[in-house]
Amino acid sequence: ILLKDRARHAISMAQRSQEHLAVLFVDLDHFKNINDTLGHRIGDELLVEVGLRMKATGREEDTVSRQGGDEFIVTLSDINDLEDVTATANKILNALIAPLTSKDVELSISCSIGIALYPSDGNDYETLLRLSDIAVYHAKELGRNALCFFDPAMYANSQQNLRLIAELRGALQRQEFVLHYQPVINLNTGQRVGAEALVHWQHPTRGLVPPNDFIPAAEKSGIIVALGEWVLNEACRQLVQWQSE
């Protein structure tokens, strides 16, 4: 609530003075692994240290907020040069990657940062927050421990991914997937000893869609679990049929 209030006030001030403002969406990389392996107490201590380090990289007029989980939001006001935004984001990346010792355990963590700018990307806090969230997704695609400014092409890609995920859910219900089998050959004997099952999507309008075009979206959306169960059942059904023949 305080972040939203400060951001809206900063946008109002930037509008009057015709200055820039930046919203940084900071997402810790693989933080769940720390909670799962070392426990939530260590994870909470790490979050506190992350907040302190992030706050130390900014100015007094900037706002650092924990949005929830392992997500932080930073608002940078009174921006005259966009290089200052890049410099601050790089400071955050460098500050977080420095080792942290907690209960004799040395931890190292990185983050991905998505950046949206006022007024070029949006005129209100909600829009800037949403677009910086889209940008951080692309920063993770770059390999994590990276920063990424929002680009309108990202929004188009995001919309396309949403449509693809919706189509995949429908494809599962309509049983539009098919398995193609590549033989595994013993090079010493020349005999066929097995097969690799590859899932394809028999799309009603696009025709046969190869796995590279939809598996990444299925993995990121969680659809891969149900799709994997179907693949396993279908491959086993086919195997039994081959054995009976």
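Start by selecting Gln18, just after helix H1: this residue takes a positive phi of about 55 degrees. Keep in mind along the way that you are looking at a predicted model.

Now step back into H1 itself and select residues 2–17. At 1.5 Å a residue, these 16 residues should span 22 Å, and the end C-alpha atoms are indeed 22 Å apart, so the helix agrees with expectation.

Next, colour the buried residues of H1, which are Leu3, Ala7, Ala10, Ile11 and Ala14. Look down the axis: they cover an arc of only 105 degrees, which puts them on the same side of H1. The spacing has a simple background: an α-helix has 3.6 residues a turn, so residues three or four places apart point the same way.

What do the buried residues of H1 pack against? Show strands E1 (20–28), E2 (63–68), E3 (71–79) and E6 (111–118), together with helix H5 (125–141), and you have the partners. Then turn to the face of H1 that points away from its buried side, where you will find the exposed residues Leu2, Asp5, His9, Gln15 and Arg16.

For the last stop, select helix H2 (residues 31–38) and helix H3 (residues 40–57). Their axes come within 7 Å and cross at roughly 140 degrees. An angle over 145 would count as roughly antiparallel, and H2 and H3 are therefore oblique to each other. To see the contact, show side chains for Phe31, Ile34, Asn35 and Leu38 of H2, then add His40, Ile42, Gly43, Leu46 and Leu47 of H3. Coloured by type, the residues of this contact divide into six nonpolar, three polar and no charged.

Methods. Residues are numbered from 1 along each chain as its sequence is written. This is a predicted model: local features need pLDDT of at least 70, side-chain atom pairs count only at pLDDT 80 or more; totals for chains, interfaces and linings use all residues. Side-chain values use heavy atoms; hydrogens and water are left out. Helices (H or I, at least four residues) and strands (E, at least two) are DSSP runs, numbered from the N terminus. The expected span of a helix is 1.5 Å times one less than its number of residues. Buried means under 20% relative accessible area, exposed over 50%, partly exposed in between (1.4 Å probe, protein chains only). The arc is that of the directions from the helix axis to the C-beta atoms. Contact means heavy atoms within 4.5 Å. Axes are lines fitted to C-alpha atoms, for helices over the stretch in contact, and angles run from 0 to 180 degrees between N-to-C directions. Angles under 35 degrees count as roughly parallel, over 145 as roughly antiparallel, 65 to 115 as roughly perpendicular and the rest as oblique. Ala, Val, Leu, Ile, Met, Phe, Trp, Tyr, Cys and Pro count as nonpolar, Asp, Glu, Lys and Arg as charged, and the others, Gly among them, as polar.
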